[in-house]
Amino acid sequence: MNMKYVIVLGDGMADLPLEELGGMTPLEYAKTPCMDYLAAAGEIGTAHTIPDGMAPGSDTANLSVLGYDPKQYYSGRSPLEALSIGVDMRPTDVSLRCNLVTLTEEEENFEDKKILDHSSGEISTEEAAVLLEAVKQELETDCYKFYVGTSYRHLLIWQQGEVLKLSQPHDVLGQTIGQYLPQDEMLQNMMRKSYEILVNHPINQKRKEQGKNPANSCWFWGAGTRPSLSSFQEKTGLQGAMVSAVDLLKGIAVGASMKNICVEGANGGLHTNYRGKAQAAVDVLTKEQYDFVYVHVEAPDEMGHQGSVEKKVQAIQFLDEQVIAPIKEGLEQAGEEFRMLVMPDHPTPICIRTHTGDDVPYLLYDSSAPQKNMWKYNEREAAKSSHHISKGCEMIDYLIQK
Ligand SMILES: [Zn+2]
């Protein structure tokens, strides 16, 4: 019988001790009987997922956990999102994230405006698509093509473009935009024109009447070239599938020639369809003869960004009860032997509400060789373990015993 392999990735799950939790981390505080059982029957340790000198993003970290060294394979976030929405980039194309943002409207000159919101009040995809179409009508050429993504997150493909350094809109909120505009004349002009096209658009008039932030300008950033990931199957000998609600992860799966499984009601939020994701993972391993599944759950990271201790604890408990436990039970009932790795991609500590590149705790369970240990799965106990994976991209070989 073939061994099955599972990675359950709790995005941003690792954290720091919190006073509110009596000096415990959310992972330590949360009631996680299944994770603790698997940890005690298996191994715990720490892993360094983000190579030193690289930004601690979900992009670099998840590439790493899937076995792709970000130093070699990372070529920007927006190209991975391009893959997920089905844009087939040529080697000479540069893709840029095109946010729909909110700028102040009272200033005469474009460069004097301030950026109020990088997400235009998390505008719906439906409204955003209409606005992007208006921009497209006027600005699209053979050289610059627009694609609709999700909510405020869209895409510009620049043929034979350059990978320019561009300001991230969420880094300059509240500031005057002049000094942060692209140096490139064409891109800057397109941003100026997008404002003229969008500022009085009926959708934005209506949004303002409703007290919502208007999506009155495009903002280009996150430039990168087509990623060339090797096939996951060629690399590992395993047929792999991805279960995630997030475009970035779906893009990585497309790049790695893995099967993407869409689960109804999976939305990246706290109240996502956890059980549906678990069932999809069990099904693809037991009914479709896949060997490997990567189950990505975004909720702990989102709750970290929101700075909510209570909701982060809740997200971790949901993950334990509604994802990890059902996968374990489903595989056992199907009579499968499996090795399961549970870990975050990076910490998203509540106290800073953003990612860090610190080591993350992992647990590795092998159903064919259960042990009896005393430890539980959390940052504190994992740090005491003698197991440390210094190159996160080698974690996958460790899991599959290659
Ligand atoms: Zn992440």
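Visitor: Hi! What spacing do the donors of the zinc ion follow along the chain?

Guide: Hello! In this predicted model, the zinc donors follow the spacing D-x46-S-x286-D-H along the chain.

Visitor: Which residues coordinate the zinc ion, then?

Guide: The zinc ion is coordinated by Asp11, which appears twice through OD atoms, along with Ser58 (OG), Asp345 (OD) and His346 (NE2). The distances run from 1.9 to 2.8 Å. Serine 58 sits in helix H3, while aspartate 345 is in the loop between strand E11 and strand E12, so this pair ties together parts that are 287 residues apart in sequence.

Visitor: Nice. Are serine 58 and aspartate 345 buried or exposed?

Guide: Both of them are buried.

Visitor: New topic: how many disulfides are there?

Guide: Zero, after a search of the whole structure.

Visitor: Why does cysteine 98 have no bond to cysteine 218?

Guide: The closest cysteine sulfur to that of cysteine 98 is in cysteine 218, and because the two are 3.7 Å apart, they are too far for a bond. The cut-off for a disulfide is 2.5 Å. Cysteine 98 also counts as buried, at 0% relative accessibility. Cysteine 34 counts as buried too, at 10%.

Visitor: Let's talk about the sheet. What order do the strands come in?

Guide: Eight strands make an open sheet with mixed pairing, in the order E9-E8-E10-E1-E11-E12-E2-E13. At the edges are strand E9 (259–261) and strand E13 (388–389), each pairing on one side only.

Visitor: How do E8 and E10 run, parallel or antiparallel?

Guide: Strands E8 and E10 run parallel, joined by four bridges. One example is methionine 242, whose bridge partner in E10 is tyrosine 294.

Visitor: And which helix lies across E10?

Guide: That's helix H11 (residues 274–286). Besides E10, helix H11 lies across E1, E8 and E9, and it runs at about 170° to E10.

Visitor: What about E2? Is that strand enclosed or open, and why?

Guide: Five of the five residues in strand E2 (residues 43–47) are buried, so E2 is largely enclosed by the rest of the structure. Glu43, Gly45 and Ala47 point one way, whereas Ile44 and Thr46 point the other way. In general, side chains in a regular strand alternate between the two faces of the sheet.

Visitor: Which strands does E2 pair with?

Guide: With E12, strand E2 pairs in the antiparallel sense over five bridges; there, threonine 46 has proline 361 as its bridge partner. With E13, the pairing of E2 is parallel, over two bridges, and alanine 47 is partnered by isoleucine 389.

Visitor: Last topic! How many salt bridges does the structure hold?

Guide: There are 14 of them. One joins lysine 391 to aspartate 69, with the closest N and O atoms 3.8 Å apart. Lysine 391 lies in the loop between E13 and helix H15, and aspartate 69 in the loop between H3 and helix H4, so the pair ties together parts 322 residues apart in sequence.

Visitor: How accessible are lysine 391 and aspartate 69?

Guide: Lysine 391 counts as partly exposed, at 41% relative accessibility, while aspartate 69 is buried, at 17%.

Visitor: What does glutamate 81 form a salt bridge with?

Guide: Its partner is arginine 97, and their closest N and O atoms are 2.9 Å apart. Glutamate 81 is in helix H5 and arginine 97 in strand E3, 16 residues apart. Both glutamate 81 and arginine 97 are buried.

Definitions and conventions: Residues numbered from 1 in each chain as written. Predicted model: local features only at pLDDT ≥ 70, side-chain atom pairs only at ≥ 80, totals over all residues. Heavy atoms only, no water. Buried < 20%, exposed > 50% of the residue type's maximum accessible area, 1.4 Å probe, protein only. Donors = N, O, S within 2.8 Å, 3.2 Å for Na, K, Ca; no water. Pairing = 2+ DSSP bridges. Contact = heavy atoms within 4.5 Å. Axes fitted to C-alpha atoms, helices over the stretch in contact; angles between N-to-C directions. Salt bridge = Lys/Arg side-chain N within 4 Å of Asp/Glu carboxyl O.
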